[in-house]
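Work through the exercises below with the structure open. Try each task before reading its solution.

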Amino acid sequence: MSISTFAPGRVEILGNHTDYNGGVVLSAALHLGITATGEKLPDGLVELASGDMGNVEKFDRTKGLQRTGQWTDYPLGVAEMLARAGAEAGGFAIRYESTLPTGAGLSSSAALEVATAALLMKLYPFSLSRMEVAKLCRRAENEFVGVNCGLLDQASSVFGLKDHLVFLDCRAESVKNIPLPSHFGLLIINSGVKHALVGGEYNERREQCFEAARHMGVEALRNVTMAQLEAAEMPDLAKRRARHVVGENERVFQAIEALNSGDGELLGTLMTASHRSSMDNFQNSTPELDLLVELAIKQKGCLGARLSGGGFGGAIVALVEMQDADRVLFEVKKTYEAQTHHEAAGYLCRAGDGALPPDGSGA
Ligand code: ADP
Ligand code: MG
């Protein structure tokens, strides 16, 4: 008998480059994601197929698994990490169908991992907490696939909740859902410009954050308030980088307070402030992302916008009134494409449910 599970992609809403500084992030699980449908096979046998990738790929886990560098590394890695956690998934066949655009930075890899884990947990019932599942999927990506990523992608895909944001405390590794008024949509608009120099710039920013923390004598920038940072002696560049991270942590907490008291508008204001800080302090924006944000926030019904993710290209996310969303996208796209000759692919998303329901199994 076939069983299906769905795991969403995610978008970072606030809390940019805070993860490796022990900080806090707000994200949303999207209504777009990956559906995994499958059944049990005899022990050790694995068959994987994806709507996007064609053939059925066959493996025999009893003969030992090697990474192949293909997409199948993600589900095989999940099965491997489950087994290491004592949750041996026997044999299985899975077919995947995706509604996530590829290359838009919406974390299709985490959706693939989490959909796999959620399905295997139904086929071979294990009792693992939701946080254990998120961590195990992250480990599959870090250690089996060989991609270094934080916990945000998998935690968002596991813990999403319709009309809520996901708050992740990267230091405590804890999660909470924060209400988002249902008349808001999340408009994701890709700049169409690839991350050109991501590796080098990303590592340089990380180092500058660690340098700022060393100057302040703290383990991570999470420990620092803006007043303490401004009063500290350190090179100007390190201070500017730290100002972004410390400011992002503060904006996340301000947004949560506002959302908990029903004020959605402040979230938009904080998102735009986040983008300004990316431009001025962290310098991880691009002229294209800046243009998209400027065009978006000029539109009626757009409450705020910012770059989402690592930066240096990729997409923006705008907080919009659902009723105005199509017009906002139309206007931004028209002007952006005329001015830059890059395509601005847009996706109107809602904050949706994660793969695993809040069933009391604990975070
Ligand atoms: P993203 O930001 O979307 O997570 P990644 O590079 O981390 O980008 O992950 C994309 C990879 O995940 C793809 O190259 C592919 O290997 C795998 N993947 C994503 N979606 C699917 C799918 N529907 N079917 C098969 N593999 C997929
Ligand atoms: Mg990914």
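**Exercise 1. A pair across the sequence**

Find the salt-bridge partner of Lys135 and say why the pair ties together parts that are apart in sequence.

Solution.
- Start at Lys135 in this predicted model. Its salt-bridge partner is Glu173.
- Check the distance. The closest N and O atoms are 2.8 Å apart, and the cut-off for a salt bridge is 4 Å.
- Recall the principle: side chains of opposite charge can pair when their charged atoms come close.
- Place both ends. Lys135 sits in helix α3 (residues 130-145), while Glu173 sits in the loop between β6 (164-169) and β7 (174-179), so the pair links parts 38 residues apart in sequence.
- Put the pair in context. The whole structure holds 20 salt bridges.

**Exercise 2. The domain boundary**

Describe how domain 1 and domain 2 meet: what is in contact, how much area is buried, and how many salt bridges are counted between them?

Solution.
- Set the bounds. Domain 1 covers 3-178 and domain 2 covers 181-349.
- Locate the centres. Taken over C-alpha atoms, they are 26 Å apart.
- Count contacts. On the domain 1 side, 29 residues touch 42 residues of domain 2.
- Take the area. About 2800 Å² is buried between the two domains, with 65% of it on carbon and sulfur atoms.
- Find the main contributors in domain 1. Leu14, Asn16 and Tyr20 lose the most area to domain 2, together 23% of what that side buries.
- Add the charged pairs. Two salt bridges are counted between the domains.
- Look at Arg222 and Asp169. They form a salt bridge, with the closest N and O atoms 3.0 Å apart. Asp169 falls within the bounds of domain 1 and Arg222 within those of domain 2.

**Exercise 3. The second largest pocket**

Which residues lie nearest the centre of the second largest pocket, and what is the make-up of its lining?

Solution.
- Begin with volume. The pocket holds about 230 Å³ of space.
- List the lining. It has 15 residues, and Ile34, Asp52, Met53, Ser108 and Leu112 lie nearest the centre.
- Sort the lining by type. Seven residues are nonpolar, six polar and two charged.
- Assign the elements. β5 (91-98) and α2 (108-123) each supply at least two lining residues.

Note on methods:
Residues are numbered from 1 along each chain as its sequence is written. Chains are lettered from A and ligands numbered from 1 in the order in which they are written. This is a predicted model: local features need pLDDT of at least 70, side-chain atom pairs count only at pLDDT 80 or more; totals for chains, interfaces and linings use all residues. Side-chain values use heavy atoms; hydrogens and water are left out. On a 1 Å grid over the protein atoms alone, a cavity is a set of points where a 1.4 Å probe fits but cannot get out, and a pocket is an open set with protein on both sides within 12 Å along at least five of seven lines; lining residues have an atom within 4 Å of a point. Grid points are joined across faces, edges and corners, and a volume is the space filled by probe spheres set on the points. Helices (H or I, at least four residues) and strands (E, at least two) are DSSP runs, numbered from the N terminus. Ala, Val, Leu, Ile, Met, Phe, Trp, Tyr, Cys and Pro count as nonpolar, Asp, Glu, Lys and Arg as charged, and the others, Gly among them, as polar. Domain bounds come from an automatic or database domain assignment. Contact means heavy atoms within 4.5 Å. Buried area is the accessible area (1.4 Å probe) that two parts lose on being put together, summed over both. A salt bridge is a side-chain nitrogen of Lys or Arg within 4 Å of a carboxyl oxygen of Asp or Glu.
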